Amino acid sequence: MTGTAWLGPAIDVRPLLAEQQTAFIDLLHRLDTDEWAQPTICPGWNVKDVAAHVLGDHIGRLSIHRDGFQVLHPRDGEAFPNFLDRINEEWVTAARRISPPMLIELLSTIGNQIVEFWHTIDLDALGGPVRWAGPEPQPFWLDVAREYTEYWTHHQQICDATGRTGLTDPHYLGPVIDTFLRALPHTLRDVTAPEGTTVQVVVTGPGGGAWTCTRGPDRWRLGHPPQPQPAARLEFDADTTWRLCTRGITPEQAAEHAHIDGDRHLATAALQIVSIIWSPPNHEAFGEF
């Protein structure tokens, strides 16, 4: 399995998918009536809406990429994030007629098919773009890693809304952080700096590590080896990292929890990292379809 030069080495998250699916279904089985109705960080969506959104993502992925069936497209002049936001909202609204027991049953069946589907994919083959990583077609290892982070993030949003801890063990969280930080080169794309300039992000605690983005002759490139004297260095914990990357907190809020050394302009630019598809105002569109 090969990496992409500017995004670092490839990762294979597929061994985690079945475990995450089992944990997600178990979580939903343990929700009571009041918990299904709890509001989440997703604007206007309660716990049941977030679960229904996951089902919609699964159905869209299987329909488009397994079955070759795609009928939804942006309207004339509609930006892709806005299109995504619209069809997500339309799906969730329609799914409100589905009972929690039926939703769990559908998520169990379709979720298992998603796990099976990803094991049929050649991870080195090029797919479509992962838009927070850049406009170019990306290998499927990044696509499935991006999808895993979405499954994990929605799991955590439900846990947050219902007072549960969730899948914060490094076994699950480490690949999430690693995937999210693949957005750094694209985040810094418009930042001019001399070739060889480095920005280092250090994530402390379980699931953490060090990621270094280096300015090359044509673009920023990501690597893992820590640098002795980066131009800018940001350090924060894993919880701050994933919430920043999914816009659960703002860059300004993340900065309050960060230790920053060096060039503040570069550090501020790195704090703009977003590892989801996002469209203003105050709406987040999670995933591709």
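**Group meeting talk: burial, core and aromatic pairs**

I will begin with one arginine, R247, which is buried at a relative accessible area of 15%. Before going further I should say that this is a predicted model, and everything I describe this morning is computed from it. R247 sits in the loop between α9 and α10, the latter covering residues 251-256, and its phi is near 60°, which is a positive value in a residue other than glycine. For background, most residues other than glycine have a negative phi.

R247 follows α9, so let me stay with that helix for a moment.

Helix α9 is mostly covered, with 7 of its 8 residues buried. The buried ones are A238, T240, T241, W242, R243, L244 and C245, and you can find them in the structure above. What do the buried residues of α9 pack against? They pack against α6, against α7 at 170-180, against the strands β3 at 198-204 and β6 at 232-237, and against α10.

One of those buried residues, W242, leads to the aromatic pairs, of which the count comes to 3. I will describe two of them, beginning with F80 and F83, whose ring centres are 5.8 Å apart and whose planes stand at 55°, so this pair is tilted. F80 and F83 lie 3 residues apart in helix α4, which covers residues 80-95, and they are therefore separated by about one helical turn. The general point is that an α-helix has 3.6 residues a turn, so residues three or four places apart point the same way. Both F80 and F83 are buried.

The other pair is W152 with W242, and here the geometry is edge-to-face, with 5.0 Å from centre to centre and 90° between the planes. This pair links distant parts of the chain, since W152 belongs to helix α6 and W242 to helix α9, at residues 238-245, and the two are 90 residues apart. W152 is buried with a relative accessible area of 0%, and W242 also counts as buried, at 4% relative accessibility.

Now to the nonpolar core, where as a general matter nonpolar side chains in soluble globular proteins tend to be buried together. In this model the largest nonpolar core holds 85 residues, and those touching the most other members are L28, L107, W118, I158 and L234. Which helix gives the most to this core? That is helix α6, residues 140-161, which contributes 11 residues.

To show what one of these residues meets, take L107: leaving aside residues up to four places away in sequence, L107 touches Q21, F24, I25, L28, A51, V54, L55, H58 and N112. W118 comes up again in the contacts of R14, a residue of helix α1, which covers residues 14-29. With the same exclusion of residues up to four places away, R14 touches W118, H119, I121, L123 and V144. R14 counts as buried, at 16% relative accessibility.

Since many of you will want to know about cysteines, how many disulfides does the model have? The count comes to 0. Looking at C42, its sulfur is 13 Å from the closest cysteine sulfur, which is in C159, and that is too far for a bond, given that a disulfide requires the two sulfur atoms to be within 2.5 Å. From the other side, C159 is likewise in no disulfide, and its nearest cysteine sulfur is that of C42. C42 is buried, with a relative accessible area of 3%, and C159 is buried too, at 2%.

Let me finish with the chain as a whole. The protein chain has 11 helices and 9 strands. Its radius of gyration is 19 Å, close to the 19 Å that the globule rule gives for 289 residues, so the chain is as compact as a globular protein of that length. Along its principal axes, the C-alpha trace spans about 55 × 40 × 40 Å. Of the 289 residues, 55% count as buried, while the chain exposes about 12,600 Å², with carbon and sulfur atoms supplying 54% of that area. Finally, if we take contacts between residues at least 6 apart in sequence, 70% of them join residues at least 24 apart.

Terms used:
Residues are numbered from 1 along each chain as its sequence is written. This is a predicted model: local features need pLDDT of at least 70, side-chain atom pairs count only at pLDDT 80 or more; totals for chains, interfaces and linings use all residues. Side-chain values use heavy atoms; hydrogens and water are left out. Buried means under 20% relative accessible area, exposed over 50%, partly exposed in between (1.4 Å probe, protein chains only). A nonpolar core is a set of buried Ala, Val, Leu, Ile, Met, Phe, Trp, Tyr and Cys residues joined through side-chain atoms within 4.5 Å. Helices (H or I, at least four residues) and strands (E, at least two) are DSSP runs, numbered from the N terminus. Contact means heavy atoms within 4.5 Å. The radius of gyration is taken over C-alpha atoms; the globule rule is 2.2 Å times the number of residues to the power 0.38. Accessible areas come from the Shrake-Rupley method with a 1.4 Å probe; for residues, only the protein chains shown count as cover. Rings of Phe, Tyr and Trp (its six-membered ring) pair if their centres lie within 6.5 Å; planes under 30 degrees apart count as stacked, over 60 as edge-to-face and the rest as tilted.
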